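Hi everyone, thanks for coming. I'd like to walk you through one structure today, so please have a look at it while I talk.

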Amino acid sequence: MTEQLDSRVHISLDRLMRLQHQAVGFSFLPRQPIHSLLAGRHSSTLRGRGLNFEELRRYRSGDDIRMLDWKVTRRLKKPHVRVFTEEKERTITLVVDQRVAMFFGSKQAMKSVVAAELAALAGWRGLSSGDRIGAVIFNDQTIVELKPQRSRHQLVRILNEIADFNQRLSIGALASPEQLNQVLKRVCQQATHDNLICIISDLTGADSTTDQAISRLSQHNDVLLGFVYDSFESSLPKGGKLAVSDGDLQIEIDTNDGNLREQYQSQFDHRLNRARDYFQKRGVPVLPINTEQAVVQQLRELLNQSGHRGAMVARLQGRA
């Protein structure tokens with residue numbers, strides 16, 4: 001796109017680059033304050049970085065007795081401990097949904113823009129921690145995979161690809177709800193173990209196949225869901241009869257119709273409840289991100305670095 005972009009509708013690479021300086025005050029590691037979604041009884045089993053075995057040596061005063069190697073201790077008649085070092089990096093895979101269902105927003109930005117910003121913040125945060133960053137970016141017709149690397153150059157490539165996908169979005173695109181499962185199938189093949197998989201989507205098209213893919217991924221990886229939504233999706237505002245169009249077809253709906261409003265909200269509740277009930281039972285934390293507030297502000301509240309329960313946490317846990 002050569003014309004000036006409306007940042008509420010389409011994202012630019014420059015905007016994603018500038019988010020580097022905002023990617024502070026939150027962490028995807030498991031050591032979180034008590035109210036964080038990554039801590040507590042209904043939360044994640046995130047492992048963070050793994051441990052590499054370094055050496056076997058004689059016990060020294062102050063060593064953790066849990067690291068005693070009892071077989072070696074019995075054989076040599078002297079206490080020996082196993083020494084581990086934390087891995088210097090882990091692999092983060094960003095799964096970024098840029099389908100036409102994401103090209104919607106009634107407040108500050110389109111869901112597709114919010115998803116792009118969330119991916120950028122996660123990427124910059126991971127890179128600053130020394131992690132390798134890869135991505136699977138998709139729309140309704142195309143899937144692009146970028147292999148994980150620990151380099152700024154690779155992250156810029158990922159952000160450029162996200163911006164390109166985002167700028168190609170238009171209301172006339174053909175929707176493909178089943179694309180989500182095709183993407184997760186590829187991610188399952190790619191991410192064998194010890195990855196952090198950040199799925200950023202509104203879950204359009206999620207079904208039992210999606211559940212199976214998430215179960216498979218979470219067996220040997222950490223999985224995190226950034227559930228992007230717009231408040232207009234969760235509750236249809238009363239406005240009388242309105243004309244709704246996709247650019248080709250047009251229908252008239254009565255937003256004061258109680259049955260219509262109930263059906264409308266139940267569809268959203270179904271998607272959110274799937275995320276909450278199914279994903280969190282498998283140790284997959286769900287971060288509901290709306291289109292009204294700044295993404296980084298919501299991340300800090302949800303991951304609760306300030307020690308206070310964020311409003312979005314209450315929204316997620318309080319829904320019936």
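Let's start in the middle, with helix α3, which is mostly covered: 16 of its 18 residues are buried. Buried here means under 20% relative accessible area, exposed means over 50%, and partly exposed is in between, using a 1.4 Å probe and protein chains only. When I say helix or strand, I mean DSSP runs, H or I of at least four residues for helices and E of at least two for strands, numbered from the N terminus.

Before I go on, a word on where this comes from. This is a predicted model, so local features need pLDDT of at least 70 and side-chain atom pairs count only at pLDDT 80 or more, while totals for chains, interfaces and linings use all residues. Residues are numbered from 1 along each chain as its sequence is written, and side-chain values use heavy atoms, with hydrogens and water left out.

Back to α3. It covers residues 111–128 and reaches 26 Å from its first C-alpha to its last, close to the 26 Å expected at 1.5 Å a residue. That expected span is 1.5 Å times one less than the number of residues. After α3 comes Gly130, with a positive phi near 85°.

Now zoom out. The protein chain has 10 helices and 10 strands, and buried residues make up 48% of its 320 residues. Contact, by the way, means heavy atoms within 4.5 Å. Take the contacts between residues at least 6 apart in sequence: 72% of them join residues at least 24 apart.

Next, the sheet. How many strands does the open sheet have, and in what order? There are 6, ordered β5-β4-β3-β6-β7-β10, with mixed pairing. At the edges stand β5 (143–149) and β10 (286–290), each with a single partner strand, so one side of each has no neighbour in the sheet. From one strand to the next, the twist averages 15°. For angles like that, axes are lines fitted to C-alpha atoms, for helices over the stretch in contact, and the angles run from 0 to 180 degrees between N-to-C directions. If pairing is new to you: strands of a sheet pair through backbone hydrogen bonds, either parallel or antiparallel. Here, two strands pair if DSSP finds at least two bridges between them.

For an example, look at β3 (residues 91–97) and β4 (residues 132–138): they run parallel and are joined by 7 bridges. Leu94 stands opposite Ala135 in β4. Our helix α3 packs on this sheet, touching β3, β4, β6, β7 (222–229) and β10, and its direction makes about 170° with that of β3. Helix α4 packs on the sheet as well, touching β3, β4 and β5, with its direction at about 15° to that of β4.

Inside α4, find Leu159. Is Leu159 buried or exposed? It's buried, with a relative accessible area of 0%. Beyond its neighbours within four places in sequence, Leu159 is in contact with Leu13, Leu16, Met17, Ala120 and Trp124. Its C-alpha is 9.4 Å from that of Asp14, although the two residues are 145 apart along the chain.

Then move along to the loop between α4 (152–167) and α5 (179–190), where Ser176 is found. Ser176 counts as buried because its relative accessibility is 10%. Its side chain makes a polar contact with the side chain of Glu178, at 3.0 Å. A polar contact is a pair of N or O atoms within 3.5 Å; within protein, one must be able to donate a hydrogen and the other to accept it, and residues adjacent in sequence count only if both atoms are side-chain atoms.

As for α5, its buried residues include Leu180, Val183 and Leu184, and what covers the buried ones includes β3, β4, β5, β6 and α6.

Finally, how far can we trust all this? pLDDT is the predictor's confidence in each residue, from 0 to 100. The chain averages 81, and 75% of the residues score at least 70. Among the elements, α4 has the highest mean, 98, and helix α10 (residues 311–318) the lowest, 39. pLDDT also stays under 50 over residues 31–36 and over residues 305–320. Where pLDDT is low, the predicted coordinates should not be read in detail.
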